[in-house]
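Please examine the model shown below alongside its sequence. The paragraphs that follow lead from one helix residue to the sheet and back to the helices.

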Amino acid sequence: MSFDDILKDLVRGVDGSVAATLMGMDGFAVQQYKREAMDCDIDAIGVEYGHLVAEIKKAEGTLSLGDAEEVFVKGAQSGVLLRIVSDEYYIAFLLGASANLGRARYMIKKASRRAESELKA
């Protein structure tokens, strides 16, 4: 299965979602998918929030809470769900205000596992 298929399934699987991108920790997008007629720069969102992922990963050792898996940032109009795929990759998932966060968390976890398998292949 391709990264494009994984991201399409993720975005299409959550009503009210906007877009998703598979990002490298280096800030480069591997693949992205956004709903038709959506005007958003998901790569820029992924890069900016990727800095947050990097800071959290730095804090992991100090906090002794285990490896970070997921981060959610809620804004007034939308939210961004970030899920670590591996040491080198994460998924950034842009959600509209009406999106079901529980469903989004389930779907991004599933997408993360599929992306991890694809990266190992």
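**From a helix residue to the sheet**

Leaving out residues up to four places away in sequence, Glu-118 touches Met-1, Phe-3 and Ile-6. The coordinates belong to a predicted model, and every value discussed here is computed from them. Glu-118 is located in helix α3. Its relative accessibility is 28%, so Glu-118 counts as partly exposed, given that buried means under 20% and exposed over 50%. Between Glu-118 and Val-14 the separation is 104 residues in sequence and 22 Å in space, taken from C-alpha to C-alpha.

The helix that holds Glu-118 comprises 20 residues, 101–120. At 1.5 Å a residue, α3 should span 28 Å, and its end C-alpha atoms are indeed 28 Å apart, so the expected and the computed values agree. At the N-terminal end of α3, Asn-100 acts as a cap: one of its side-chain oxygens lies 2.9 Å from the backbone nitrogen of Gly-102.

Which residues of α3 are buried? They are Ala-104, Met-107, Ile-108, Ala-111, Ser-112 and Ala-115. Because these residues cover an arc of only 150° around the axis, they lie on the same side of α3. The elements that cover them include α1, β3, β4 and β5. Ser-112 provides an example within this helix. With 5% relative accessibility, Ser-112 counts as buried. Not counting residues up to four places away in sequence, Ser-112 touches Arg-83, Ile-84, Val-85 and Ile-91.

The strands among these covering elements lead to the sheet. The sheet is open and has 5 strands in the order β2-β1-β5-β4-β3, with antiparallel pairing. Strands β2 (29–34) and β3 (70–74) stand at the edges; each has a single partner strand, so one side of each is left without a neighbour in the sheet. On average, neighbouring strands of this sheet are turned by 15° against each other, direction ignored. In general terms, the strands of a sheet pair through backbone hydrogen bonds, in either a parallel or an antiparallel manner.

The individual pairings can be followed across the sheet. At one edge, β1 and β2 run antiparallel and are joined by 5 bridges. Within this pairing, Thr-21 has Gln-32 of β2 as its bridge partner. The two strands β1 and β2 form a hairpin with 4 residues between them, and Gly-27 in the turn has a positive phi of about 95°. Further along the strand order, β4 (residues 78–84) and β5 (residues 89–96) pair in the antiparallel sense over 7 bridges. The bridge partner of Gly-79 in β5 is Leu-95.

Helix α1 (residues 3–12) packs on this sheet, where it touches β1 (17–24), β2 and β5; the direction of α1 makes about 40° with that of β2. At the other edge, β3 and β4 are antiparallel and share 5 bridges. Phe-72 is paired there with Leu-81 of β4. A hairpin is formed by β3 and β4 as well, with 3 residues between them.

What does α1 turn towards its surroundings? Its buried residues are Phe-3, Ile-6, Leu-7, Leu-10 and Val-11. They cover an arc of only 125° around the axis, which means that they are on the same side of α1. These buried residues pack against β1, β2, β5 and α3. Two of the residues touched by Glu-118, namely Phe-3 and Ile-6, are included in the buried set of α1.

Ser-17 offers a closer view of the region between α1 and the sheet. Ser-17 lies in strand β1. Its relative accessible area is 1%, so Ser-17 is buried. Where does the side chain of Ser-17 reach? It reaches the backbone oxygen of Val-11 at 2.6 Å, and the side chain of Ser-17 also reaches the backbone oxygen of Val-14 at 2.8 Å. Leaving aside neighbours within four places in sequence, Ser-17 is in contact with Val-11, Arg-35, Phe-93, Leu-94, Leu-95, Gly-96 and Ala-99. Among these contacts, Leu-95 is also the bridge partner of Gly-79, and Val-11 is one of the buried residues of α1.

Key. Residues numbered from 1 in each chain as written. Predicted model: local features only at pLDDT ≥ 70, side-chain atom pairs only at ≥ 80, totals over all residues. Heavy atoms only, no water. Pairing = 2+ DSSP bridges. Axes fitted to C-alpha atoms, helices over the stretch in contact; angles between N-to-C directions. Contact = heavy atoms within 4.5 Å. Expected span 1.5 Å × (residues − 1). Buried < 20%, exposed > 50% of the residue type's maximum accessible area, 1.4 Å probe, protein only. Arc of directions from axis to C-beta. Polar contact = N/O pair within 3.5 Å; in protein donor to acceptor, adjacent residues only side chain to side chain.
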